[in-house]
Amino acid sequence: MDAESAQAIELIRSRVSIRELVGRYVALKPAGRGVWKGLCPFHQEKTPSFYVNEAKGLCYCFGCKAGGDIFAFLQRIEGLEFREALERLAQEVGVELPRRGGPPSARKEALQVLELAQTYFQSHLEGAPLDYLQARGLTQASIERFALGYAPPAWDGLLKHLHRHGVSPREALEAGVLVEREGRLFDRFRNRITFPILDPLGRIVGFTARALSPEDHPKYLNSPETALFKKSLLLYAYPQARQSIRERQRAVVVEGLFDAIALHQMGFTEAVAVLGSSLSPEQAHLLRRAEAAELYLAFDADEAGRRATLQSLNLEIARSFVVYAVLLEGGKDPGDLLLLPEGRALFEKALAEALPEVEYRFQMAAQGLDLRRPEHKQRVLEALRPRLVSPEPFDRVAERLKAKVISALGISPRALEDYLSRAPEPRRASPGDPLARLSLGRPDLTERRLLRELDVVALLYAVPEEEFEDWVRYVEANTWPPEGSLLAEFVQVSRSKHGRSRVLRHFEQRGEGARLMDILMKSPSFERAELEAHLAVAMARVREVYYEMRLDKLKAQLKSSADLEEIRTLTREIQEVLQAIEAERRLYRR
């Protein structure tokens, strides 16, 4: 991050009160000077354990360990990426963010073009197109909530509308609402119902349009892929469904846009639709960010729908959810239920009877086969083997699927394991593997070093922002953190990233974010003179554990050495290290 971006972030931070931001989602009560508490919005609890510290600009739950600064909180509560949270808060408090490459304001201009196109489409939704939507069972409230529109048959209606608002044909073409053929530009969508596609921030980034005439193909036409519109990264109805997903901890994933709207209208407001044939890894990440624990896949009942369900189940990230396959009676789609008086009850029943992943996989593999015949049993095993073999030692789906196979096919556990052993072994980390994490000392010393380094880092977060980098250099010069330690990494990251919030975010991704946040929230605030004294003690305790780890290595070398001269050298070094340890202890025991 460059200095200009860092300045913008700090300006946003200075203008946004974390208490006010958190207070939009959580009822807060005073809990001390500059501290408030409330029920955690990220997990169910009866006793408040979620605290907000205005002076530190942090919030934290001592129960589920969720927390962070204003950006981290907004990211988690709204399911946003950092840049999305940054842009939302910047717009809210009037801070202009530095442009991220490309032509000046190109992204903003495309968003404006799409908003103008949406105004045009909505203004024409009347008469026969509106009657069509109502005949499909949609209420006016649903039509308005999902901002449906209509693109008239004219070839240049939108082109002229955009021209009147100062948009050039080239800009409209780049935004994806016009098409160019043989040097001529004309409207991409004609005589179609339009569905605006929103990104997680709720901005229109593209359209899907359904043909009203049977002669028009394809039935559904999407905006072309642009910098804004990438189908695999988006879920239809995600902004409208996000809060319900978080509250109900589940998401219903469907294939059709009408299906998603219909389910929302029937009260299943956790429904979203894929914009392709199956769930993509990026779309699954969106659902995980919204804290879905269960996924109900309600794709079409035809062969393509079954393939889409299995393809979604095969995603690596899908293993972090409990997944069910929803099968509607009679091969109906969720959207068909909207015209039935008992539609809601039928879908509720389908959810209750949804097949767990194991049952669905087995049924799909065994469909049309006679499980009494050995060659058909072999075909089932071949179809299921990719999911039966897992690199994870406690993969619940793989274990349950094995139990199902053993029971349904009538084979012994030993026979199944023999069969699976012929499959390629999953890759495992070896001692020389660079991905393997190596311990730097005894477990107790390694843990103690980590805790003492976290104490130093917490104190560094108490210094004024403008002095932060100077204090980091001071700590480095007085502790000499060894390579591979958290403190060494902290120093390195502080040099390369501007601002304490970026450093904190780095350690959240590293896996130490929760422990650091816990210490930051518990550590008291100090006056400048007190802070310096506390930091001196914390550094002495860190140096002590560094020396202790050095002592461990020297003792190990001494134990394995047979060379007399080397033994003398090691013994002398051990004595020096013991004296250094005692000197550090005297510093913090005074």
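This is a short tour of a predicted model, with a few selections to make along the way.

**Colour by confidence.** Start with the whole protein, where pLDDT averages 83 and 88% of the residues score at least 70. Now select strand E6, residues 149-151: among the elements of the protein, E6 has the highest mean pLDDT, 98. For the other end of the scale, go to helix H22, residues 500-510, where the mean is the lowest, at 66. Then select residues 423-443, a stretch over which pLDDT stays under 50. Even so, the model has 24 contacts beyond four places in sequence for residues 423-443.

**A pair of helices.** Next, show helix H13 (residues 303-313) together with helix H15 (residues 357-366). Their axes lie 11 Å apart, and the two helices pack at an angle of about 130 degrees. H13 is therefore oblique to H15, and the crossing of the two is left-handed. To see what touches, turn on the side chains: H13 brings Arg306, Thr309, Leu310 and Leu313, while H15 brings Glu357, Tyr360, Arg361 and Met364. Sorted by class, this contact of H13 with H15 has four nonpolar residues, three charged ones and one polar one.

**A single residue to finish.** Move on to helix H25, residues 564-589, and pick out alanine 583. Is alanine 583 buried, partly exposed or exposed? Its relative accessibility is 28%, so alanine 583 counts as partly exposed. For a last look, add alanine 540, which is 43 residues from alanine 583 along the chain. Draw a line between the two C-alpha atoms of alanine 583 and alanine 540, and the separation is 9.0 Å.

Technical notes
Residues numbered from 1 in each chain as written. Predicted model: local features only at pLDDT ≥ 70, side-chain atom pairs only at ≥ 80, totals over all residues. Heavy atoms only, no water. Axes fitted to C-alpha atoms, helices over the stretch in contact; angles between N-to-C directions. Helix = DSSP H or I, 4+ residues; strand = E, 2+ residues; numbered from the N terminus. Parallel < 35°, antiparallel > 145°, perpendicular 65-115°, else oblique. Left-handed = near helix turned anticlockwise from the far one by under 90°. Contact = heavy atoms within 4.5 Å. Nonpolar A, V, L, I, M, F, W, Y, C, P; charged D, E, K, R; others polar. Buried < 20%, exposed > 50% of the residue type's maximum accessible area, 1.4 Å probe, protein only. pLDDT = per-residue confidence, 0-100.
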